[in-house]
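User: I'd like a close look at the cysteines in this one, and at whatever helix packing goes along with them. Keep it casual but precise, please.

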Amino acid sequence: MPNRLAHETSPYLLQHADNPVDWWPWSAEAFEEARRRDVPVLLSVGYSSCHWCHVMAHESFEDDTTAAYVNEHFVAVKVDREERPDVDAVYMEAVQAATGQGGWPMTVFLTPDAEPFYFGTYFPPESRHGMPSFGDVLDGVSRAWTERRDEVGEVAGKIVKDLSARSLAFGGDGVPGEPELAQALLGLVREYDAARGGFGGAPKFPPSMVLEFLLRHYVRTGAEGALQMAADTCEAMARGGIYDQLGGGFARYSVDREWVVPHFEKMLYDNALLCRVYAHLWRATGSDLARRVALETADFLVRELRTPEGGFASALDADSDDGTGRHVEGAYYVWTPAQLADVLGADDAAYAASYFGVTEEGTFEEGASVLQLPQDAGVADGDRIASIKERLLAARDERERPGRDDKIVAAWNGLTIAALAETGAFFDRPDLVERATETADLLVRLHMGADARLARTSKDGQVGANAGVLEDYADVAEGFLALAGVTGEGVWLEFAGFLLDIVLDQFVAEGGALYDTAHDAEALIRRPQDPTDNAAPSGWTAAAGALLSYAAHTGSEAHRAAAEGALGVVKALGPRAPRFIGWGLATAEALLDGPREIAVVGAAGDDTAQALRRTALLAPTPGAVVAFGAPDSEEFPLLRDRPLVDGGAAAYVCRHFTCDAPTTDPAELARTLAR
């Protein structure tokens with residue numbers, strides 16, 4: 001018999017709807033039930049493409065004996081961290097403070113007042129590797145609750161007090177300048193893996209936001225070292241197993257330092273961010289590899305993650321059936337020499353094995369290899385490789401596909417809008433711009449209420465009950481601003497303004513700080529607030545970037561002041577922890593460059609106008625904003641008082657309240673923007 005999760009919209013919660021555990025969704029009613037029964041709450045947090053979440057579910061939550069014990073001694077609450085990032089952030093902070101580490105599944109025991117007192121992540125069904133069994137943990141927590149209640153209360157109270165006392169150092173007044181950005185670059189050089197690309201050791205995550213900073217820093221300053229780190233990291237990832245060499249798109253991270261073996265789930269946010277990074281690398285350098293990867297990743301997004309409603313699904317799972325009935329991580333993606341031979345025949349299989357680094361021993365598990373492009377592969381026969389890839393992809397399509405989380409997350413769809421709009425504009429792919437526009441339409445129609453308040457998620461055209469958090473407002477505004485620049489449709493600037501006005505009204509604290517949840521959001525034991533990037537830009541720095549772009553478009557002093565106030569934390573953290581505040585550093589680069597304001601006036605069908613417009617969009621100057629339209633058009637404030645020049649199309653470039661003379665020559669515009 002299904003439990004209370006059967007009516008939820010989250011695919012992750014629905015995966016647990018038939019568990020024998022009597023799960024509750026996060027709700028006031030669940031805590032009321034715990035109070036009524038005088039039992040603690042078992043909070044389990046995960047997400048649909050999380051491998052170890054599936055393992056723990058199969059081992060423990062699907063086990064009748066374990067479930068019976070949980071149901072008798074606890075109120076069990078299941079949370080999708082992608083639906084409720086605020087709940088996840090608050091309790092993950094407690095887990096990390098108590099244990100020094102965190103991750104998913106996250107397992108936390110709470111009082112009926114939602115105060116945490118015991119923590120962990122994955123617990124096995126039997127004790128191993130120094131980890132207690134889940135049954136022992138349940139028994140120990142239940143005994144402590146009944147026999148040592150005062151001690152439990154003291155621990156919970158101390159944890160909540162410690163969390164509440166935490167505050168952020170903003171580094172005083174002012175925005176980050178040349179000294180802070182130079183120190184940040186030096187810090188990245190120290191942590192850079194010169195042999196393999198990327199930063200730090202295993203596991204290695206794609207450093208998307210840091211790469212954006214490095215590219216912007218190179219464009220603004222000419223620092224070749226910054227470009228080298230970005231370009232070499234992008235090439236190493238694109239050649240590695242973390243990149244799907246057949247179908248395009250990136251896995252979530254690499255378990256090794258060499259980018260060879262990925263953790264196979266593919267997340268929407270990673271692919272949106274990396275699509276944009278590679279497009280920007282091409283814009284700065286003309287790299288053929290960057291162009292190929294940007295387009296392949298964009299095509300992957302549309303082909304495999306687009307939903308019937310016009311949005312983009314959250315993730316593809318890491319696991320799938322390996323053909324024997326076993327659900328195995330990576331089964332969809334890996335190959336043995338024998339499997340290559342079955343599809344390609346002996347000669348082409350040997351050629352493919354050499355080209356993609358497939359060995360008899362294997363680079364993954366059980367003799368299978370992850371496809372990659374070794375540096376020493378030599379010159380390849382392009383037509384032969386294209387034929388091999390086509391046949392392997394067709395054969396792979398016959399395998400059972402990994403599961404897809406069809407939940408549409410507003411923030412990640414905002415990132416996708418920006419990526420597809422720019423990639424479509426750069427590479428003359430109007431179909432990608434159309435997909436971005438359709439996604440933007442969906443967010444306005446379904447996720448934005450009449451008061452412009454955002455819902456965090458939707459699924460199958462049904463909007464979720466959870467309120468948008470700061471990253472939703474910031475990333476959707478970022479997407480709308482990118483779409484406005486690419487399409488010349490000022491309505492997207494207007495919608496971005498609605499969202500950013502809510503940021504100013506609901507998320508800003510004193511001194512320029514930002515909260516992750518709105519002033520009128522559900523009160524948790526601590527109001528989450530974090531300026532550091534995780535796998536995607538923090539809401540804090542994403543908001544700073546969108547506010548700055550909107551101010552450049554409109555001249556709004558309130559929005560620019562809020563952006564500068566938010567960047568105070570980058571002044572403090574950038575030099576000390578540059579790997580974890582990359583988007584803040586990228587936004588600081590835009591601030592130092594102006595950002596440039598480019599207005600192109602002319603008729604849509606005019607060749608010179610289109611050439612000027614394309615030149616403006618291809619300018620790599622950090623954070624530049626572009627407005628296009630007829631003179632004195634009401635679409636964009638930047639077009640006001642911008643007449644044609646000698647009856648022809650013209651471009652106007654301004655920064656720091658100073659404007660250059662208008663130009664009608666695309667080459668001259670390019671030179672102006674390169675200065």
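User: Which cysteine sulfur is closest to the sulfur of Cys234, and why is there no bond?

Analyst: Keep in mind that this is a predicted model. The closest cysteine sulfur to that of Cys234 sits in Cys275, and at 12 Å it is too far away for a bond. A disulfide here needs the two sulfur atoms within 2.5 Å, so a separation of 12 Å rules the link out. Looking from the other end gives a matching picture: for Cys275, the closest cysteine sulfur belongs to Cys234, again 12 Å off and too far for a bond.

Are these two buried or exposed? Cys234 has a relative accessibility of 1%, so it counts as buried. Cys275 comes out at 0%, so it is buried as well.

Now for the cysteines that do pair up. The count is two disulfides. One of them links Cys50 and Cys53, with an S to S distance of 2.3 Å. The torsion about that S-S bond is about 80 degrees, so the disulfide is right-handed. Both ends are tucked away: Cys50 is buried at 4% relative accessibility, and Cys53 is buried at 3%.

Cys654 and Cys659 make another disulfide, with 2.0 Å between their sulfur atoms. The torsion about the S-S bond is 105 degrees here, and this link is right-handed too. Its two ends sit in unlike surroundings as far as accessibility goes: Cys654 is buried, with a relative accessible area of 4%, while Cys659 is partly exposed at 42%. If you number the bonded cysteines of the protein in sequence order, the pairing reads 1-2, 3-4.

Back to Cys275, because it also turns up in a helix contact: Cys275 is one of the H11 residues that meet H16. Helix H11 covers residues 268–285 and helix H16 covers residues 410–426; their axes are 8 Å apart and the packing angle is about 30 degrees. With that angle, H11 counts as roughly parallel to H16. The crossing of H11 past H16 is left-handed.

Who is touching whom there? On the H11 side, the contact residues include Leu268, Tyr269, Ala272 and Leu273, along with Arg276 and Arg283. On the H16 side you'll find, among others, Trp412, Leu415, Ala418, Ala419, Glu422 and Phe426. Sorted by class, the residues of the H11 and H16 contact are twelve nonpolar, four polar and three charged.

For a second helix pair to set beside that one, take H20 and H23. Helix H20 (residues 539–554) and helix H23 (residues 582–593) have axes that come within 8 Å and cross at roughly 20 degrees. That angle makes H20 roughly parallel to H23, and the crossing of H20 past H23 is left-handed. H20 brings Thr541, Ala542, Ala544, Gly545 and Leu548 to the contact, and H23 brings Trp583, Gly584, Thr587, Ala590 and Leu591. By class, the H20 and H23 contact has six nonpolar and four polar residues, with no charged ones.

So, to come back to your question: Cys234 stays unpaired with Cys275 because their sulfurs are 12 Å apart, too far for a bond.

Methods: Residues numbered from 1 in each chain as written. Predicted model: local features only at pLDDT ≥ 70, side-chain atom pairs only at ≥ 80, totals over all residues. Heavy atoms only, no water. Buried < 20%, exposed > 50% of the residue type's maximum accessible area, 1.4 Å probe, protein only. Axes fitted to C-alpha atoms, helices over the stretch in contact; angles between N-to-C directions. Helix = DSSP H or I, 4+ residues; strand = E, 2+ residues; numbered from the N terminus. Parallel < 35°, antiparallel > 145°, perpendicular 65-115°, else oblique. Left-handed = near helix turned anticlockwise from the far one by under 90°. Contact = heavy atoms within 4.5 Å. Nonpolar A, V, L, I, M, F, W, Y, C, P; charged D, E, K, R; others polar.
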